[in-house]
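Dear colleague,

Please find below the structure I am handing over to you, together with its sequence. My findings are set out after it.

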Amino acid sequence: DCKWAAETNREAVATAVQRVAGMLQRSDQLDKVEQYRRREARKKASVEARLKAAIQSQLDGVRTGLSQLHNALGDVKDIQNSLADVSKDWRQSINTIENLKDVKDAVVQHSQLASAVENLKNIFSVPEIVADTQVLIEQAELLEAHRKLMDLECSRDDLMYEQYRMDSKNTHDMNLIRNYFGEVQGLSDDLAKQLWMVLQRAMGTVRRDPTMLVSVVRIIEREEKIDRRMLDRKKQTGFIPPGRPKSWKEKMFEVLEGTVTTRIEGSQSVTREADKMWMVRLLEITRKYVLDDLIVVKNLMVQCFPPHYNTFDRFFKLYHNAVSMRVQELAAEDLEANEIVSLLTWVLNTYKSEEMMGHPELLTEYDINLMDPLLPQEVVDELLSKYLQTFTSNITGWLRKALETDKKDWFKETEPEADQDGYYQTTLPAIVFQMFEQNLQVAAQINETFKEQVLKLCLKQMNSFLVRYREEAIAYKEDHLRDRQLPQCYVQYMIAIINNCHTFKESINSLKKKYFKSTEPTQNDAAIEKTLNDVAKDGCQFLLDEVFLDLEHHLNELLTRKWLTGTHAVDTICVTVEDYFNDFAKIKKPFNTEMTSEAHRRVVVEYIKAVMQKRITFKNADERREGADRMIKEAEQFKFLFRKLTAGEETDRLCDAIAAIAEVFKLTDPTLLYLEVSTLVSKYPDIREEHIVALLAMRGDASRDMKQMIMETLNQNKPTYAGITQPIFKDITVPTVTMTSMSSSMAATANKLLK
């Protein structure tokens, strides 16, 4: 302790020195030393005063505690003395109590006789009271009838209780009393029937005569009190009157539950056989009944029951449970797809909405979210699965039927309808997507997840449908080729098929944007896109095939002797192509643009094919010049035509291939032939050796040595044509006869060189 005190003093001195040093850092502060000393003295006095007050307070508390402990010790001694006195008195009174047995028996007998005297009036007038009570029950004077019934039961119960106290084993006297009051139990049962009848009609009664319902509740409350009193007496004495406990309150709730259940079950007024919309009607009737009844309960019936009944909560749960049982029964039936959707929409959305349990008047009384769901999740999942199966089957049939109907239109003698922009179309896309839209709107009423499931299923079925659509378009083309006169509007309907692909794409994107939250592509997107493109490309190809079937005769005239002397083959080709493309203008972009480009390429390729087929071999320079000039002129005709069809877009490269070949023919100096051919190859690197051989053969004046030299040089400096966006010579084959004769000629030349 001394060490601690010394240490404390040292710390105090150090602290004081530090404080003084802080206050006297400047010379001008020395003048204030006296002021600092007085201030520190005041602080010290204040701290000492507070310390004294705290110590005094603790001492007062200790003094008070000691005083209370002293008083408690005295009280304990007094209690101990009192208990000793009580124990002494109790031992002395045991003998006295045993001597009072006769008095006790006399008291019991006196009580029994007093009860008999008290109920003497009722005992003699039991038949009369029973008759009066029966009349009151029949007249619906329930409160008065119950008062008389209570009097009768009270007389009977008191007599039986006194008899039980006197001699509980005397069954003869007990039966005598019970038989004398035998009709009382019948009255009780009749009154109960009247009470249950009023409760069964509670919804109407509370509107028409709420006092009747209040009377019923008062009677039941009285009986509940009597039941509790009798049960308490049974615990003490072992006696309980006949018919007790009546448990009318419990029975009342059972009746109300049955009333609610009957009201819900009785709402079905129509069947599927009588009305296809029976499910919608049934659910609407149920909604109206439940909402109207609960509003009545809130505004009227709650006032007829004691607050501790929690009347609204009880009725709310009764209606919820009754509706739950009913919808589970409906879910167990063999429902059709539209009925499943109606039921699930009602259960998952309508039930909790403002139109029913979420009504503003009910929200203030109860939170519907605290209730169990109407249908267990496994039942909901089962119904959704069943709907998807049915929907899959139905939509497959609908799509097949829609396609069959559309196919019939393809063979009509009238052109298909055009949209507001003049593009041919059929009603198939509108029918298909109206069908999808309707089902998605229905699915959206259930929940977001199910809506997306239905959308994915629609896209999956759409993919299968488009595959069939393509097959039918191919079959349509093949039917036409068997007799090109039929169908009369083949071209127009093939255009409509192509345009439908564009409409399908737009409609699919619209559906996904409207009904699919995620921007991620679905697993069917790529397949649908590919199939639609294939259908459109097939259609464009079929139409071009139709064009070139008409051009076949005129294409065969190109690069022949007849052509050299003068024909109108190219004029006819241009007129025919332009005529067809007047119809093709009703093909939507980008298909019409692609089709024009393909037609352009194909015309040029067919023209060059005619060159490669060596239909003519020029005999002299004049023929070569004349033929080259004609080729250049016809290339210009093709340029003009396709500029017109493509609205001025660049079309020169393809047609320039014809002009470049013409320059090879037009050249008058054979020694420069290699340069001209090299220029041709540099412009069109996809040209092959056999093409050059054919051109030189058609020119007719190239010597074998010249041909050999040109080919060898070109092979050594052959350019690559990888990456050419529009190859021309790639798909052009040279007839075998030309190549065989040329190969033999080259072999002979090689033999000469070796010799």
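The notes below cover one helix, a pocket, the cysteines and a glycine.

Please bear in mind throughout that this is a predicted model.

Helix H14

Helix H14 comprises 14 residues, 337-350. At 1.5 Å a residue it should span 20 Å, and its end C-alpha atoms lie 18 Å apart, so the expected and computed lengths agree. The helix is mostly covered, with ten of its 14 residues buried. The buried positions are Ala337, Glu339, Ile340, Val341, Leu343, Leu344, Thr345, Trp346, Val347 and Thr350. What do these buried residues of H14 pack against? Their partners are four helices: H12 (278-299), H13 (311-331), H16 (377-410) and H17 (428-444). As general background, an α-helix has 3.6 residues a turn, so residues three or four places apart point the same way.

The largest pocket

The volume of the largest pocket is about 290 Å³. Its lining consists of Ala16, Arg19, Val20, Met23, Glu40, Lys43 and Lys44. Two elements each give two or more residues to this lining, namely helix H1 (2-23) and helix H2 (33-98). The largest share, four residues, comes from H1. Sorted by class, the lining holds three nonpolar residues and four charged ones, with no polar residue. Should you wish to use this pocket in your own calculations, the lining residues listed above define where to look.

Cysteines

How many disulfides does the structure hold? The count is zero. Cys458 is in no disulfide, and the nearest cysteine sulfur, which belongs to Cys501, is 19 Å away. A disulfide requires the two sulfur atoms to be within 2.5 Å, so a pair at that separation does not qualify. Cys458 counts as buried because its relative accessibility is 0%. Cys540 is likewise in no disulfide; for this residue too the nearest cysteine sulfur is that of Cys501, at 8.8 Å. With a relative accessible area of 8%, Cys540 is also buried, since the cut-off for that class is under 20%.

Gly186

Is Gly186, a residue of helix H8 (residues 182-200), buried or partly exposed? Its relative accessible area is 29%, so Gly186 is partly exposed. Gly186 is separated from Ile129 by 57 residues in sequence, while their C-alpha atoms are 13 Å apart in space.

With kind regards

Notes. Residues are numbered from 1 along each chain as its sequence is written. This is a predicted model: local features need pLDDT of at least 70, side-chain atom pairs count only at pLDDT 80 or more; totals for chains, interfaces and linings use all residues. Side-chain values use heavy atoms; hydrogens and water are left out. The expected span of a helix is 1.5 Å times one less than its number of residues. Buried means under 20% relative accessible area, exposed over 50%, partly exposed in between (1.4 Å probe, protein chains only). Contact means heavy atoms within 4.5 Å. On a 1 Å grid over the protein atoms alone, a cavity is a set of points where a 1.4 Å probe fits but cannot get out, and a pocket is an open set with protein on both sides within 12 Å along at least five of seven lines; lining residues have an atom within 4 Å of a point. Grid points are joined across faces, edges and corners, and a volume is the space filled by probe spheres set on the points. Ala, Val, Leu, Ile, Met, Phe, Trp, Tyr, Cys and Pro count as nonpolar, Asp, Glu, Lys and Arg as charged, and the others, Gly among them, as polar.
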